Amino acid sequence: MINNNISEVITVNMGPQHPSTHGVLRLVVDIDGETIVNVEPDVGFLHRGTEKLAENRTYHQVIPLTDRLDYLSPLSNNLAYCLAVEKFFDVKIPERAEYLRVILAEMARVASHLVWVATHALDIGAMTVFLYAFREREEILDMFEVGTGQRMTSSWIRIGGIRADMPEDFFVRLKSFTDKFDSCVDLYENLLTNNRIWKMRTIGIGHLSDEDVQAYGTSGPLMRGSGIDFDLRRDEPYGIYDRFKWEIPVEEAGDTYARYKVRMKEMREANKILQQALEQIPATGEVMTDDPRVALPAHEDVYERMEALIRRFYIVSKGFKAPKGETYQGIEAPKGELGFYLVSEGEERPYRMKIRAPSYVNLGALNKMAQGHMLADLVAIVGTNDVVLGEIDR
Amino acid sequence: MGLIDRKLPDNVLTTTVDSVINYCRKGSIWPVTFGLACCAIEMMACGAAKYDLDRMGIIFRATPRQSDLMLVAGTVTRKMAPVVRKVYLQMPEPKWVIAIGSCATSGGIYNTYSTVQGVDEVIPVDFYVPGCPPRPEAFFDAITALQKKIMTEKVVRK
Ligand code: SF4
């Protein structure tokens, strides 16, 4: 006679070489039949020692390292790091640079969410969305290339402003992109929002209540999808975000579908910010501060004045000194709150750099989200978590 | 070891069979999906609509058992190196490896305690693609180079 009440927990391994763990994440999954009992993420397969490396780099040299943390939106990381360093000095950023920073950061948000929707849908089985989303992402990367010369890791946001002004072509392309982008999001939503398979795979999966969110400290869409109305751009404003009008999407349900809706809406709102920034941006102006403590002296000065030459040489070869103390700056990155905590001992290099990576904290809630679901749903749950191993392992 | 040992000289029969087999292999390179870090995003972009690896017969496979090319795209850390090697050993012959990005070729900007300074420390590499990350065009360059290399291979008598 078969006893149907036997329950036996077995442990299976998922990753690190697995197409839907979004990188090199290893999950140790305890399953009872098909039901997940416990999931334990094993991280560190991409530990590159960024924080340690930063202790041996000057403040400027750290910027390229930040690019490679959350490599889906490198410019948001640049922004967070530069804002943290600028807090040491209280530098005033020129108007035009402030707008360009907002433009670059919001474009990075859109690009990151596009990769998210592409891979998330691909994991669940909708291949078409992948091709459409990457078509738009290519356009954004082309614009980055026009403006910065690099497709992904451009390190374009620098301490005290941005590296150089954008060419005219960048704005023309961005204008036409923002004009049509809403209809592109409509297209993705047409494919997914009312799709029966999509709904069956996402509604009720990976539930997080608002107490859970607070207990685990998840941020970004994982928080707004559970009914908490919080966005650092509005609640702890940095840069010039207070000048734009946009809404913060919040959904009550707390499941994968709700987070999907939040992210789709976020893309539209980012597009709104981009449109407003394009209208408001001053036509000309400096893009780098002239504060001599952080900025390189102007080229004309270097050719004519000895002091400027020495200063330039000093900053390039040794770096500039930051005052003793510590700073923290968090920004609303596409994945959640990305924070840089810097300790300075009054030297040219940070004494310690701690990165508060949103994906790392969000991954902590994975077990809570996955318990009680089927093993096949784990793929959807990892996808909705939107993890990037670069910033988890650092 | 080929089908026949080196007992006979090259003749029109073996070379023709070789080139037919090579031609087929060249047109259906199946790489194993093995994205490690940032470079993997560019690899995905290559597979998407604009660059479209499919037109070269390249379809990403999720398992090493079905693939003959390994694209190592990203930083190989000390914790990951045994896995890279294991996946490589699981692939059936003939197999090729392309190291993508400066991390996989030489460690790149990460000269730290936890990174392997180039994936060639653990597995043999056929082609190196520079860049951080390389442009999709650079990927295609490596793949065309690999196709040329495949055409020169001797299959029947090794
Ligand atoms: S080479 Fe550059 S882009 Fe590629 S994995 Fe290394 S750091 Fe990332």
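For the classes used here, Ala, Val, Leu, Ile, Met, Phe, Trp, Tyr, Cys and Pro count as nonpolar, Asp, Glu, Lys and Arg as charged, and the others, Gly among them, as polar. The structure is a predicted model, in which local features need pLDDT of at least 70 and side-chain atom pairs count only at pLDDT 80 or more, while totals for chains, interfaces and linings use all residues. Residues are numbered from 1 along each chain as its sequence is written, chains are lettered from A and ligands numbered from 1 in the order in which they are written, and side-chain values use heavy atoms, with hydrogens and water left out.

A search of the whole structure finds four cavities of 30 Å³ or more, a cavity being a set of points, on a 1 Å grid over the protein atoms alone, where a 1.4 Å probe fits but cannot get out. The largest has a volume of about 70 Å³, the volume being the space filled by probe spheres set on the points. Its lining, made up of residues with an atom within 4 Å of a point, comprises 14 residues, and Arg68(A), Cys38(B), Cys39(B), Cys103(B) and Cys132(B) lie nearest the centre. By class, this lining divides into six nonpolar, six polar and two charged residues.

The space of the largest cavity is that taken by the ligand, with more than half of the ligand's atoms within 2 Å of the grid points, and the ligand lies between chains A and B. Around the ligand are 13 residues, of which Cys38(B), Cys39(B), Ser102(B), Cys103(B) and Cys132(B) come nearest, a residue being near if one of its heavy atoms lies within 4 Å. This shell has seven nonpolar, five polar and one charged residues.

Definitions and conventions: 1 Å grid on protein atoms, 1.4 Å probe; cavity = no way out; pocket = protein on both sides within 12 Å on 5 of 7 lines; lining within 4 Å.
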